[in-house]
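Welcome! Take a moment to turn the structure around on your screen, and then let us walk through it together.

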Amino acid sequence: MNHENRGIAIVVNQKTFDKLPERHGTVKDGNDIQAVLKNLQFDVETLNNRTKKKLFEGLDEIAKKVQTNHDCLAVVVMTHGDPGVLYAKDETYKIDELWNKFTGDSCKALHGKPKLFFIQSIFHTKPHTIQCDKVDAQDTSRAKRSTYTIPTMANLLVMHSIYDGDKPRHDASKGSWFIQSLCAALNSHGHSKELLRILTVVSRNVDKNFRQYVPKSKLNNALKMMPCIASTLTKALYFRPKPILNEPLDGKNIISLDSNEVNNSQGLSSANRTPHKFPRKLSPPPYSMQGMQRKAYIFLNQTFDKCLNDKFPNSVIKDADELKSALVYLGFSVDGPFKDLKLWELQEKMILIASENHENTGCILLAIITYGENNLLFAQNEKYPVTELWDRFSSSKCPTLSGKPKVFLIQACTNGISNCSVNPPMDVLVMYSPYNEIADRHDHQAHVTPTVFIQTLCDEFYEKGQKEDLNSILEGVRLYISNNNNQHIEQDPVDWENRAANNPMPILVSMLTKKLYFRIEK
């Protein structure tokens, strides 16, 4: 982030539609986010109320303006949406069409640079009904959540609000909860704090304070809007002030963070309250695991009935053993590895784990080492959706883990780039690492060494696991893998694109609302 210019920020604000209701309050949101982005020294471009054709023509024109002396790109989209799609004025478009305009050969000036997307999409369909008791009001099982796909390219961050498809309340004078929280956090800390730390606090603020208000409906009052953060950034990202600063905000049009006025979760469904403020202290208290046990389970599929004609290299056995040792070092009680389970055996084991009494469990971690493609993982005899892993640990299905961190580490050998659908429930972190090693399954070196992802993960656990929070540790893993790939640019520039395709970046998807530490109690 040391280039001459910060870069371009694009604000797409869709207020009116041909067949959908107008979005109230979005004018204030648009004005406020533009002011914040200018304060962070972006050159702001706006694309308001566009048809799909005009919208993408505008994106194409802006992509041509991106220069090699730009730090990064930021895109903010505010519109209606349905699962996997967003609405222009006249029709829908797929979410990944947004970043496809700024990746690869479409925008070479952004190679290796952060591309940031903040999406607020109000689902125009009827909100799902969720029981409003303490547990089920937080239930985010697969049927109640939307799914969209994050590609495995490096240096992409997507934060998507209204994750579970609920309609947030818009107040024309106060804007929307997510955008106003984002503005407040960036306005107060954008020049000094790391971006993922800021966004984690935004998520916690939304989770803790904001509920949808529907008059005379206790059921719908329980519905929450929960942002999801998905990142393949390879380094910590700061918007440090550049030598020539833009004029600071006057503070009149952006809500500030007031440490003396903290809203709690009681009574937030009142018609007269719009809780936009949260503490000035950036880091909320971490997840508490004091006096509680940590449980980990490792699943290893090395041989398959029909999925593959051959087996994985023996390195995956080394992976499971290395990971188990690292987790024990972090204070986990580890079960497994459970080897070569058929799908029904895997499902039975998952149900058994979820049905346990986890009252005295502070954190649960599941590691899955197998073969995968797109959104599917392989058991010994058949495939299953990756979402099936965490859907069994929603608040309604596993109430004793409600509000506690649940971590899923997935290594899936593929035949190339494999996209992964991201839709975990609240308090879940997923790291999904696709890699291509099928071509090397007879390499004798592969038989005695762990794969890069697991080896790097274990090294980071030993070095930083009892000191730093989990997000920081996993960012270090991605940074190492990115640098390892970058070393081959000078060695073989012609083969760089092929190497990037065969070694896609791990995806980090977080719905955690606090920091997670694995410190050992003395």
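We begin with the whole chain, then visit two helices, a few salt bridges and one residue late in the sequence.

Please keep in mind as you look that this is a predicted model. The protein chain folds into 12 helices and 18 strands. It has 522 residues, of which 56% count as buried. How much surface does the protein chain expose? The figure is about 21600 Å², with carbon and sulfur atoms supplying 47% of it. Contacts also tell us something about the fold: if we take those between residues at least 6 apart in sequence, 78% join residues at least 24 apart.

Now find helix α4, which covers residues 177-189. Its 13 residues reach 18 Å from the first C-alpha to the last, close to the 18 Å expected at 1.5 Å a residue. Of those 13 residues, 11 are buried, so α4 is largely enclosed by the rest of the structure. Among the buried ones you can pick out Trp-177 and Phe-178 at the start of the list, along with Gln-180, Cys-183 and His-189.

Helix α8, at residues 343-355, makes a good companion to look at next. With 13 residues at 1.5 Å a residue it should span 18 Å, and its end C-alpha atoms are indeed 18 Å apart. Which residues of α8 are buried? They are Leu-343, Leu-346, Met-350, Ile-353 and Ala-354. Looking down the axis of α8, you will see these buried residues fall within an arc of 95°, so they line one face of the helix. On the face turned away from that buried side sit the exposed residues Glu-348 and Ser-355. And what covers the buried residues of α8? The cover includes the strands β10 (293-300), β12 (361-373) and β14 (383-385), together with helix α9 (387-391).

Next come the charged side chains. Side chains of opposite charge can pair when their charged atoms come close. The structure holds 14 salt bridges. One of them links Lys-54 to Glu-57, with the closest N and O atoms 4.0 Å apart. Both residues belong to helix α2 (residues 52-65), where they are three residues apart, about one turn of the helix. Lys-54 is partly exposed, at 46% relative accessible area, and Glu-57 also counts as partly exposed, at 34%.

A similar spacing turns up in helix α11 (residues 470-491), where Glu-475 and Arg-478 lie three residues apart, about one turn of the helix. These two form a salt bridge as well, their closest N and O atoms being 3.0 Å apart. Are Glu-475 and Arg-478 buried or exposed? Both are buried. Elsewhere, salt bridges that share partners tie Arg-6, Asp-71 and Lys-242 into one network. Another salt bridge brings together the side chains of Arg-392 and Glu-388, at 3.0 Å from N to O. Glu-388 is buried, with a relative accessible area of 15%, and the cut-off for being buried is under 20%.

Our last stop is Thr-513, in the segment after β18 (507-510). Thr-513 has a relative accessibility of 2%, so it counts as buried. Its side chain has a partner in Asp-427: a polar contact of 3.5 Å joins the side chains of the two residues.

Definitions and conventions: Residues are numbered from 1 along each chain as its sequence is written. This is a predicted model: local features need pLDDT of at least 70, side-chain atom pairs count only at pLDDT 80 or more; totals for chains, interfaces and linings use all residues. Side-chain values use heavy atoms; hydrogens and water are left out. Helices (H or I, at least four residues) and strands (E, at least two) are DSSP runs, numbered from the N terminus. Buried means under 20% relative accessible area, exposed over 50%, partly exposed in between (1.4 Å probe, protein chains only). A polar contact is a pair of N or O atoms within 3.5 Å; within protein, one must be able to donate a hydrogen and the other to accept it, and residues adjacent in sequence count only if both atoms are side-chain atoms. The expected span of a helix is 1.5 Å times one less than its number of residues. The arc is that of the directions from the helix axis to the C-beta atoms. Contact means heavy atoms within 4.5 Å. Accessible areas come from the Shrake-Rupley method with a 1.4 Å probe; for residues, only the protein chains shown count as cover.
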